[in-house]
Amino acid sequence: SARFDVTYPQFDCFGRRPPTVALAGDRVAVGTVSESGETGFARVYEKEGAEWILTTLPAPTPQGGDGFAVAIQGDTLFSGEPKKGMVHPYRKVAGTWTLEPSIPSPSGLSDGFGAALSVSGTRLLVGATSEKKAYVLELSGGAWSASAELGPSEDDVGSFGTSVLLSGSTALVVGRRPGTQAAWVDVFTLTSGTWTLSGTLRPFG
């Protein structure tokens, strides 16, 4: 077992919102933002021997609430900035992490997209809380584009897409009723090229 302290110099707002983490092999992605969601960072810790080495990722320009959500797979890391409706992909090439072109919300809305992230192979699942949707993105020709949008199974929805999980051809998206802690998980399955609702897990709360 091992422990490392998550520290972020030059930012005094951490602790107001718990950090988000994602693990892939010997790499741990960590994202933290301020309470307002307007200032944040995404970082990656990489294990070298018995030590965890902090690597600073290049910040998007202009810098904002990067790090609200994170996902990592192999040499690719994703950081969500829902305040601007963006997902920022990073790739490690020749030992250096570089920022690739940011992914905007497929709907064009500038708020909520990137609130939750999960990656599996060449697919990325992104929560878009303001729209009460989740988007499935596919990597093709070096670019990420939306292949499906997933909506809630219930009509009375307070939030949807605050937490997501993707594994192969199965996607899980958390929904919550308004004004309560009651939540559920919608299960979507990809069959013959189409994502469909295949089940709902409830109740929670």
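Ten residues line the largest cavity, and Phe41, Ala42, Arg43, Ala59 and Asp66 lie nearest its centre. The model is predicted. Strand β3 gives the most to this lining, with four residues. The space inside amounts to about 40 Å³. The count comes to one cavity of 30 Å³ or more.

**The sheet that holds β3**

Strand β3 spans residues 40-48 and pairs with β4 in the antiparallel sense over six bridges. Within this pair, tyrosine 45 stands opposite leucine 54 in β4. Both strands belong to an open sheet of four strands, with antiparallel pairing and the order β1-β2-β3-β4. Its edges are β1 (20-24) and β4 (51-56); each has a single partner strand, so one side of each is left without a neighbour in the sheet. On average, neighbouring strands here are turned by 25° against each other, direction ignored.

**A second four-stranded sheet**

Another open sheet of four strands follows the order β10-β11-β12-β13, again with antiparallel pairing. Here β10 (113-120) and β13 stand at the edges. Each has a single partner strand, so one side of each lacks a neighbour in the sheet. Neighbouring strands of this sheet are turned by 30° on average, direction ignored. Inside it, β11 and β12 run antiparallel and are joined by six bridges. Valine 126 faces a partner across this pair: it stands opposite tyrosine 135 in β12.

The β7 and β8 strands also pair in the antiparallel sense, over four bridges. Tyrosine 90 stands opposite leucine 99 in β8.

| Strand pair | Bridges | Residues standing opposite |
|---|---|---|
| β3 and β4 | six bridges | Tyrosine 45 and leucine 54 |
| β7 and β8 | four bridges | Tyrosine 90 and leucine 99 |
| β11 and β12 | six bridges | Valine 126 and tyrosine 135 |

**Positive phi outside glycine**

Most residues other than glycine have a negative phi. Which way does phi point at alanine 94, positive or negative? Alanine 94 has a positive phi of about 55°, although it is not a glycine. This residue lies in the loop between β7 (86-93) and β8 (96-99). That hairpin has two residues between the strands. Alanine 94 is exposed, with a relative accessible area of 81%; it counts as exposed because the value is over 50%.

Lysine 132 is another such case, with a positive phi of about 55° and no glycine identity. Its place is the loop between β11 (123-128) and β12. Lysine 132 is partly exposed, at a relative accessible area of 33%.

**Nonpolar cores**

In soluble globular proteins, nonpolar side chains tend to be buried together. The largest nonpolar core in this model has 16 residues. Which of its members touch the most others? They are Leu125, Leu150, Ala171, Val173, Phe188 and Trp195. Five strands each supply at least two residues of this core: β12 (133-140), β13 (143-150), β14 (159-167), β15 (170-176) and β16 (183-191). A second, separate core of 14 residues includes Val87, Leu124, Val126 and Tyr135. Val126 and Tyr135 thus appear again: they stand opposite each other in the pair of β11 and β12.

Alanine 171 gives a close view of the largest core. Leaving aside residues up to four places away in sequence, alanine 171 touches Leu125, Leu150, Leu165, Leu166, Asp186, Val187, Phe188 and Trp195. Among these contacts, Leu125, Leu150, Phe188 and Trp195 are also core members that touch the most others.

Note on methods. Residues are numbered from 1 along each chain as its sequence is written. This is a predicted model: local features need pLDDT of at least 70, side-chain atom pairs count only at pLDDT 80 or more; totals for chains, interfaces and linings use all residues. Side-chain values use heavy atoms; hydrogens and water are left out. A nonpolar core is a set of buried Ala, Val, Leu, Ile, Met, Phe, Trp, Tyr and Cys residues joined through side-chain atoms within 4.5 Å. Buried means under 20% relative accessible area, exposed over 50%, partly exposed in between (1.4 Å probe, protein chains only). Contact means heavy atoms within 4.5 Å. Two strands pair if DSSP finds at least two bridges between them. Axes are lines fitted to C-alpha atoms, for helices over the stretch in contact, and angles run from 0 to 180 degrees between N-to-C directions. On a 1 Å grid over the protein atoms alone, a cavity is a set of points where a 1.4 Å probe fits but cannot get out, and a pocket is an open set with protein on both sides within 12 Å along at least five of seven lines; lining residues have an atom within 4 Å of a point. Grid points are joined across faces, edges and corners, and a volume is the space filled by probe spheres set on the points.
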